[in-house]
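User: Could you take a close look at one part of this protein for me? I'd like to hear about the open sheet and whatever sits around it.

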Amino acid sequence: MRVGRLTLCKIVSSHLYHMHRPSPSLYRQMSVAAGLKDSGIFRTQGLIGGKWVGAHDGKTLQVNNPSTGEIIADVPLMGRKETNDAISSAYDAFSSWSKLTAAERSKYLRKWYDLIMSHKEELGQLITLEQGKPLKEALGEVNYGASFIEFFAEEAKRIYGDIIPATLTDRRLFVLKQPVGVVGAITPWNFPLAMITRKVGPALACGCTVVVKPSELTPLTALAAAELALQAGIPPGVLNVVMGNAPDIGDALLASSQVRKITFTGSTAVGKKLMAGAAGTVKRVSLELGGNAPCIVFDDADLDVAVKGVLAAKFRNSGQTCVCANRVIVQEGIYEKFAEAFSKSVQNLQVGDGFTEGVVQGPLINEAAVQKVESFIQDAISKGAKVILGGKRHSLGTTFYEPTVVTDVKSEMLLAREEVFGPVAPLLRFKTEEEAIRIANDTNAGLAAYIFTNNVQRTWRVSEALEYGLVGVNEGIISTEVAPFGGVKQSGLGREGSKYGIDEYLEMKYVCLGDMNRK
């Protein structure tokens, strides 16, 4: 059933009764939420076998707007039973979906892409509503997320096998690439659309079927995308969505012998658990895990380019991305000048509700995220760091936090050892190129790194020396559907996006034809 306008407004306005003066942000939320009902993409149930269903026991969980704390909707609190139903549905659909021609699957994906783009505004509003990022940024995510569907719609027709020269005259040898099977895709809250399309796009393109488990914090975008997939004609069971009890859903995906692959974006700790759990049935696993991205600014860098690049790499999505600049490592000759110029730019960042014009910094996702940032700041201060800008909760309240710059940060501080996942830029100092590389590589993470320099030879030396899967040179925003995305060390396994990303969902089969000399 679709959520009616009256029901939706009652959910959103349920807290208004005891409030004398509802905030403008709350009014905007109510207006947007009510408008989304008319878009035809607002869903609040899981998708299993092409049908919208609730939890078998009727339990639900609330989806909140991090900007206001208000309830947006209630969604099913699903678990093992619903996940097993979704797996069965995906398994049954696999036999027919995988037998379609690549051209046929491509057409379905292209139609899905077209529908996503035609509902760009509504999807952007939904992302801002449940995740908090500014609307302009949310619309950018829709473009980015849709690009994976478009790219893999095209790449579906380019899955090539191989012919191998035989060692014996009566044999012919060739290689087939075939879909893995049912895929369990577990996605995070920070990019509620793009992290799904980056997995589902290549999976569907090569003939796999999928069970998606979006974050329980941001399930509405996933459900809207699934609704558009149905509208595109993608057959029942090919794409399923369950949400709710994350451990139970994860355990069901891991235990099932019908699920042949797990793909996950999220924390390193959870990734390790999934990797261990997948061993029981020897599933294929691809993991995109946490980062601790260094952003190295050399003395010879263009100051304006460096400030702009670091600002983008650090404060996008309020610092809540796995490729955010977690450590800004600045050479001593430019350190003070950079700190001053960077702080001035950070000071100009407008913080507020994502639907407010000009806002570039929204709230953190929840209270736990704010408390983590606070603990990291306190640890740094206690060890001698200086907060030169921000460093506290924003006057807007809820989970807003001031964009923050911290100087005199040392490698032993939490800010330099772990992902802060918030709007905090720690500035470290270095003397030589060798020292910068040593500091940058002194971590278990290896996802993204950034360097700013005008020395071409140095760009090659440092890029090759950095133990990271992605390196941006004089640029802070480097993700694109046409390039491989993924990390090394404890930042994950495998790659997403690009022509390489589709291989994660394919098995290679060698076929030997004998007795080929018979006439």
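Analyst: Here's a walk through the open sheet, its surroundings, and then a few other parts of the chain. Keep in mind that this is a predicted model.

Let's start with the strand order. The open sheet is built from 7 strands, running β14-β15-β16-β13-β12-β17-β18, and their pairing is mixed. At the edges you'll find β14 (386-389) and β18 (470-473); each has a single partner strand, so one side of each has no neighbour in the sheet. Going from one strand to the next, the twist averages 25°.

Now pick out one pair. Strand β12 (residues 293-297) runs parallel to strand β17 (residues 448-452), and the two are paired over 3 bridges. If you want a spot to zoom in on, V297 stands opposite F452 in β17. A helix packs on this sheet too: α15 (residues 433-441) touches β12, β13 (325-331) and β16 (424-430). The direction of α15 makes about 140° with that of β16.

Next, have a look at K314, which is found in helix α11 (residues 303-315). K314 is buried but has no salt bridge. Its nearest side chain of opposite charge is E419, and that one is 8.4 Å away; a salt bridge would need the charged atoms within 4 Å. So what does K314 touch, leaving aside its neighbours within four places in sequence? The list is G319, C324, A325, N326, V420, G422, V424 and A425.

On to the nonpolar cores. In soluble globular proteins, nonpolar side chains tend to be buried together. The largest nonpolar core here has 88 residues, and W112, L204, V210 and L220 are the ones that touch the most other members. Helix α6 (residues 135-155) gives the most to this core, with 9 residues. Apart from it lies another core of 33 residues, including I296, V370, V406 and V462. To get a feel for V210, skip its neighbours within four places in sequence: V210 is then in contact with A90, V183, A185, V200, A203, L204, V238, L239 and N240.

Last, some strands that pair in the antiparallel sense. Strand β6 (residues 172-179) pairs that way with strand β5 (residues 162-164) over 3 bridges, and I163 stands opposite F174 in β6. β6 also pairs in the antiparallel sense with strand β20 (residues 506-513), this time over 8 bridges. There, P179 has L506 in β20 as its bridge partner.

Technical notes
Residues are numbered from 1 along each chain as its sequence is written. This is a predicted model: local features need pLDDT of at least 70, side-chain atom pairs count only at pLDDT 80 or more; totals for chains, interfaces and linings use all residues. Side-chain values use heavy atoms; hydrogens and water are left out. Two strands pair if DSSP finds at least two bridges between them. Helices (H or I, at least four residues) and strands (E, at least two) are DSSP runs, numbered from the N terminus. Buried means under 20% relative accessible area, exposed over 50%, partly exposed in between (1.4 Å probe, protein chains only). Lys and Arg count as positive and Asp and Glu as negative; His and the chain ends are not counted. Contact means heavy atoms within 4.5 Å. A nonpolar core is a set of buried Ala, Val, Leu, Ile, Met, Phe, Trp, Tyr and Cys residues joined through side-chain atoms within 4.5 Å. Axes are lines fitted to C-alpha atoms, for helices over the stretch in contact, and angles run from 0 to 180 degrees between N-to-C directions.
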